[in-house]
Amino acid sequence: MADILMTHSYHLPYDRKQVRKMQPYPPLGTLYAASLLRSAGLSVALFDTMLNDPERGFQSAIEEHRPRIVVVYEDNFNFLTKMCLTRMREVAYHILEVSQRAGAVVLVNGSDASDHAVDYLRKGFRCVLLGEGERTLLEAVRCLLKDEGYALPQIPGLAFLDDEDGQLIRTDHRPLMRDLDSLAFPARDLIDANQYRSAWKTAHGYFSLNIVASRGCPYRCNWCAKPIYGDSFAVRSARSVAEEMRCLKYDFGAEHLWFADDIFGLRARWIRELAVEVERLDAAVPFKMQSRVDLMTPDNVRALRRAGCAEVWMGAESGSQKILDAMDKGTRVEQIAKARENLREEGIRACYFLQFGYPGETWHDIQNTVKLVHDTRPDDIGVSVSYPLPGTKFFDRVHAQLGEKTNWSDSEDLAMMFQGAYTNEFYRALHDALHAQVDSWNSPAGWSTKKPDDLSPEELWTRVLGLETTCRNARPTVLPGVGSHPLVHLQKASGMTCGDD
């Protein structure tokens, strides 16, 4: 029996793309919250939805632990939770129903719940823990376990419905934590590490675990949703991070790490300190992380390599300066190529996040992005379309065009939610062609390893070219101040060719 049963709503088998990738990570945010509750003397159990079927498994967990409180606490360090996928919302509601039948009070924290608090509360959640939720959760749980419901209005960071008139009540804002070193390491003993190890070993031949060194991001790209940490940034000490790396290396047998920070290596001095601490503790484990192209200076990259960095994912987004400026990205196209070269010189894999369909983007801008990829040859790419999420300037600008579908069902959905320059079919074809092109360059055996039913990059680019004229929208969205070029025919110099010239 446990006072509190922690869980989350992301189930990997419900996400087609992630099933193919098979890179499951424990719910780090959930485990941080569990660790804080346990440090306060509370009894905590976990149902880990990542690899365990919530349709059957959660009922068994309720029967086993008989909790008074269930907490659907999303892993806010998992970028998939920030996408507010509808499949996750459905799982959260299922967990709520099972919990209520067992007589448990149910709380929820996460991006989607913070953005749509009224919807979640009307479904039956007792409280929404807004934004960064650990300390709010601890105070709310203490209150509810003592049946002191009258004290909820005094707890900062909550949303709930008034018992008398059903009106939404939002308590005072809770300041974000600054001293991250005061938090205990995530309660990883609550997960089945062997389940994760088996999935990784089977799919990739090594075992990877996740870790975070910081919270938040101070940059203000206007499409980036930040319902948890806003524009703040707080970082742990380099020594604390190195100590956790050493723990994962020797206590859990991790052979690879994923730093799930929104932005890693923001401060050059901190990177150098991390390298020193990692070397001192013999904590080096190959890791991947995500950052910005303008932070990948030669000095930073050398320090990252010393600390164990093997792969960097950068928000390149576009090869068009016009589009980068419209996004408030704060970077230059030429910085992408320079970052790629700096990483190459240190033997670190350079990977790009790319985004198509931003308002004002034309065929000419798309060609520039494809040319950037062709010229710089990243080691891998992630391709998406612009996805409006509440709380962003981008969302506010296109909100009037949104229909009933306002969220993707899973991370492979790639549906345009507003009137882009092209229809969904074109962007999905572009996604497939660009991925196939990069894979053909980076596969050890070239494209000869393709499956019989796979189309070659040449065939996929031919399809893109055909769709370019048939999938144009007559009245695409153009943001104020974002100029547009006329649609142009494909230029061979754009790099949208299939050959490896």
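This is a short tour of the structure, one selection at a time.

Before you click, know that this is a predicted model, where local features need pLDDT of at least 70, side-chain atom pairs count only at pLDDT 80 or more, and totals for chains, interfaces and linings use all residues. Residues are numbered from 1 along each chain as its sequence is written, and side-chain values use heavy atoms, with hydrogens and water left out.

**Stop 1: helix α3**

Select residues 54-65, which make up helix α3. Helices here are DSSP runs of H or I with at least four residues, strands are runs of E with at least two, and both are numbered from the N terminus. At 1.5 Å a residue, the twelve residues of α3 should span 16 Å, and the end C-alpha atoms agree with that, being 15 Å apart. (The expected span is 1.5 Å times one less than the number of residues.)

Now color α3 by burial. Buried means under 20% relative accessible area, exposed means over 50%, and partly exposed is in between, using a 1.4 Å probe and protein chains only. Which residues of α3 are buried? They are Pro54, Phe58, Ala61, Ile62 and His65. Look down the axis of α3 and these buried residues fall within an arc of 100°, so they line one face of the helix. (The arc is taken from the directions from the helix axis to the C-beta atoms.) On the other side of α3 you'll find Arg56, Glu63 and Glu64, which are exposed.

What do the buried residues of α3 pack against? Show β1 (4-7), β2 (44-47), β3 (69-73) and α5 (86-101) to see the partners. Contact means heavy atoms within 4.5 Å.

Check both ends, too. At the N-terminal end of α3, aspartate 53 acts as a cap, with a side-chain oxygen 2.9 Å from the backbone nitrogen of glutamate 55. That fits the cut-off for a polar contact: a pair of N or O atoms within 3.5 Å, where within protein one must be able to donate a hydrogen and the other to accept it, and residues adjacent in sequence count only if both atoms are side-chain atoms. Just after α3, arginine 66 has a positive phi of about 45°.

**Stop 2: helix α12**

Jump to residues 298-307, helix α12, where Asn300, Val301, Ala303, Leu304 and Ala307 are the buried residues. Viewed down the axis of α12, they fall within an arc of 165°, so they line one face of the helix. Add α10 (238-250), α11 (268-281), β12 (287-291), β13 (309-317) and α14 (333-345), since the buried residues of α12 pack against these. After α12 comes glycine 308, with a positive phi near 115°.

Stay on α12 and show the side chains of arginine 302 and aspartate 299, which meet in a salt bridge at 2.3 Å, N to O. A salt bridge is a side-chain nitrogen of Lys or Arg within 4 Å of a carboxyl oxygen of Asp or Glu. Arginine 302 and aspartate 299 are three residues apart in α12, so about one helical turn separates them. Arginine 302 is partly exposed at 39% relative accessibility, while aspartate 299 is exposed at 51%.

**Stop 3: salt bridges across the chain**

How many salt bridges does a search of the whole structure find? The search finds 34. Select arginine 16 and glutamate 412, a pair whose closest N and O atoms are 3.6 Å apart. Arginine 16 lies in helix α1 (residues 16-21) and glutamate 412 in the loop between α16 (393-398) and α17 (424-442), so the pair ties together parts that are 396 residues apart in sequence. Add Arg20 and Asp410 to the view: with Arg16 and Glu412 they are linked in a network of salt bridges.

Next, pick arginine 174 and glutamate 139, another salt bridge, with closest N and O atoms 2.9 Å apart. Arginine 174 sits in the loop between β7 (168-170) and α9 (193-204), and glutamate 139 in helix α8 (residues 134-145). Arginine 174 is buried at 15% relative accessible area; glutamate 139 is partly exposed at 32%.

**Stop 4: a threonine and a cysteine**

Select threonine 331, in the loop between α13 (321-326) and α14. Buried or exposed? Threonine 331 is buried, with a relative accessible area of 3%. Leaving out residues up to four places away in sequence, threonine 331 touches Arg292, Val293, Asp294, Gln321 and Leu324.

Finish with the cysteines. The structure holds zero disulfides, a disulfide being a pair of cysteine sulfur atoms within 2.5 Å. Cysteine 351 shows this: the nearest cysteine sulfur, that of cysteine 309, is 9.8 Å away. Cysteine 351 is buried, at 0% relative accessibility.
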